[in-house]
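I sat down with this one to look at the ligand site and the sheets. My notes are below, in the order I went.

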Amino acid sequence: MGESNYYSIRMHASRINMHVSGAERIVCAQKIESTVSELIGRAMRKDCTPDRVTVTIDDLGNGPLRTLKALDIITVNAPDSSEARTMASDILQNAGVAENAALQALNFLSKGASPSGENMRGAMIIDCRTGERLETDRARGVRASRFDWSDEARERIKKELADNGLSHFRTCEALALATKIAHGPGVIAEICWSDDPDYTAGYVASLKTGYIRFPFMKQIGNKTGGRAIFVDRNGFDARASIDFLQDEPVLIDGTGKYNECGDAIELRRCLKRHSGLDPESSDCLLESLKKT
Ligand code: WAQ
Ligand code: MG
């Protein structure tokens with residue numbers, strides 16, 4: 001393993017063949033050992049002690065690593081999950097998803113998107129016009145992998161989030177994941193909420209809107225969650241897109257801005273104004289929010 005290389009380190013913990021926790025990092029050679037022990041610590045700290053923990057270390061070679069700036073964040077303070085999901089659907093439509101496709105995704109996510117009615121391990125891939133599911137394995141879906149914050153960007157985002165009352169590790173991780181997914185070839189938008197019954201937050205993300213989080217995307221105690229990635233099949237190369245999501249290493253080395261939005265009326269006004277703006281500008285939604 002060469003000195004100047006980056007390494008992908010992935011941890012997976014299970015109990016009786018059931019997933020308990022997982023995490024991944026991209027680090028330089030000097031940080032391999034400390035990162036491995038940090039990830040093992042995280043695997044063992046769970047209230048549900050795993051009976052198997054695997055750690056995989058892959059040399060990513062010494063080629064240049066793709067770097068990305070994190071999406072901007074907007075917290076929308078919708079009071080409950082039904083309002084949050086309605087607003088999420090509006091945002092998806094603003095990002096280019098057909099109403100029917102957005103509703104299909106919400107429907108699958110609410111009832112458990114795997115054929116058994118359980119949660120999937122990864123994400124659904126959904127045609128943004130027709131709502132068709134395109135992933136070949138409907139239980140596993142597609143898992144985005146090989147992304148991480150640079151040390152500096154991680155410190156900055158952690159502080160920015162903590163200053164706004166968001167200190168749960170999930171927010172930081174989901175933002176990194178959503179940033180990678182949003183940059184996927186053919187990707188239009190993503191929607192997600194956690195399968196953890198104690199974690200009610202979810203988000204809609206796209207290059208156009210940034211990361212729009214809702215503190216209450218489901219009711220507390222609800223064990224159903226998942227992810228849907230909407231793609232535009234015009235000129236779409238499914239292989240290239242899935243290869244990017246699963247395999248291309250990405251380091252997030254820049255942070256975006258943070259803002260809050262009070263209610264549906266404010267968000268609608270802002271989305272309406274926004275739909276006339278340059279779709280290539282990733283922070284224009286945030287900008288138009290400041291003007292409301
Ligand atoms: N790639 C694709 N899909 C995934 C991945 C992945 N790497 N990891 C999880 N999923 C899917 C899978 O279906 C899970 O059931 C579902 O997503 C939820 O995963 O405060 O914690 O790890 O702003 O439970 C969002 C809000 C939290 C964070 C998301 O997801 C915030 C979360 P979880
Ligand atoms: Mg989970």
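These entries go from the ligand shell to the two sheets and the helices on them.

**Entry 1: the model.** I am working from a predicted model, and I kept in mind that local features need pLDDT of at least 70.

**Entry 2: who surrounds the ligand.** I started with ligand 1 and its neighbours. The shell has 22 residues, and those that come nearest are Arg 170, Thr 171, Asp 195, Tyr 199 and Tyr 211. I then sorted the shell by class and got eleven nonpolar, five polar and six charged residues.

**Entry 3: polar contacts to the ligand.** I went through side chains with a polar atom facing ligand 1. Tyr 211, already on my list of nearest residues, puts a polar side-chain atom 2.7 Å from an oxygen atom of ligand 1. Arg 213 does likewise, with a polar side-chain atom 2.8 Å from an oxygen atom of the ligand. For Arg 143 the partner is a nitrogen atom of ligand 1, at 3.4 Å from a polar side-chain atom. How much of ligand 1 does the protein bury? Taken alone the ligand exposes 710 Å², and 90% of that is buried by the protein.

**Entry 4: which elements build the shell.** I mapped the shell onto secondary structure. Five elements give at least two residues each: helix H5 (169-182) and strands E8 (187-193), E9 (202-206), E10 (210-214) and E11 (226-231). H5 has the largest share, with three residues.

**Entry 5: the seven-stranded sheet.** Those four strands sent me to the sheet they sit in. I read the order as E6-E11-E8-E9-E10-E5-E13, an open sheet with mixed pairing. Why do E6 and E13 each have one side without a neighbour in the sheet? E6 (123-127) and E13 (258-261) are the edge strands and each has a single partner strand, so one side is left free of a neighbour. On average, neighbouring strands here are turned by 20° against each other, direction ignored. At the E13 end, I noted that E5 (residues 73-76) pairs with E13 in the parallel sense over four bridges, and that Val 76 has Cys 261 in E13 as its bridge partner. Helix H3 (residues 99-111) lies across E6, E8 and E11, and runs at about 160° to E11.

**Entry 6: the three-stranded sheet.** Next I turned to the other sheet on my list. Its three strands run in the order E2-E1-E3, open and antiparallel. The edges are E2 (18-28) and E3 (52-59), each pairing on one side only. Neighbouring strands are turned by 15° on average, again ignoring direction. Helix H1 (residues 32-45) packs on this sheet and touches E1, E2 and E3, with its direction at about 160° to that of E2.

**Entry 7: the E1-E2 hairpin.** I finished on the pairing of E1 (residues 6-15) with E2, which is antiparallel over ten bridges. I looked up two bridge partners in E2: Val 27 for Tyr 7, and Arg 25 for Ile 9. The two strands form a hairpin with two residues between them. What is the sign of phi at Ile 16 in the turn, positive or negative? Ile 16 has a positive phi of about 45°.

Technical notes: Residues are numbered from 1 along each chain as its sequence is written. Chains are lettered from A and ligands numbered from 1 in the order in which they are written. This is a predicted model: local features need pLDDT of at least 70, side-chain atom pairs count only at pLDDT 80 or more; totals for chains, interfaces and linings use all residues. Side-chain values use heavy atoms; hydrogens and water are left out. A residue is near a molecule or strand if one of its heavy atoms lies within 4 Å of it. A polar contact is a pair of N or O atoms within 3.5 Å; within protein, one must be able to donate a hydrogen and the other to accept it, and residues adjacent in sequence count only if both atoms are side-chain atoms. Accessible areas come from the Shrake-Rupley method with a 1.4 Å probe; for residues, only the protein chains shown count as cover. Ala, Val, Leu, Ile, Met, Phe, Trp, Tyr, Cys and Pro count as nonpolar, Asp, Glu, Lys and Arg as charged, and the others, Gly among them, as polar. Two strands pair if DSSP finds at least two bridges between them. Axes are lines fitted to C-alpha atoms, for helices over the stretch in contact, and angles run from 0 to 180 degrees between N-to-C directions. Contact means heavy atoms within 4.5 Å.
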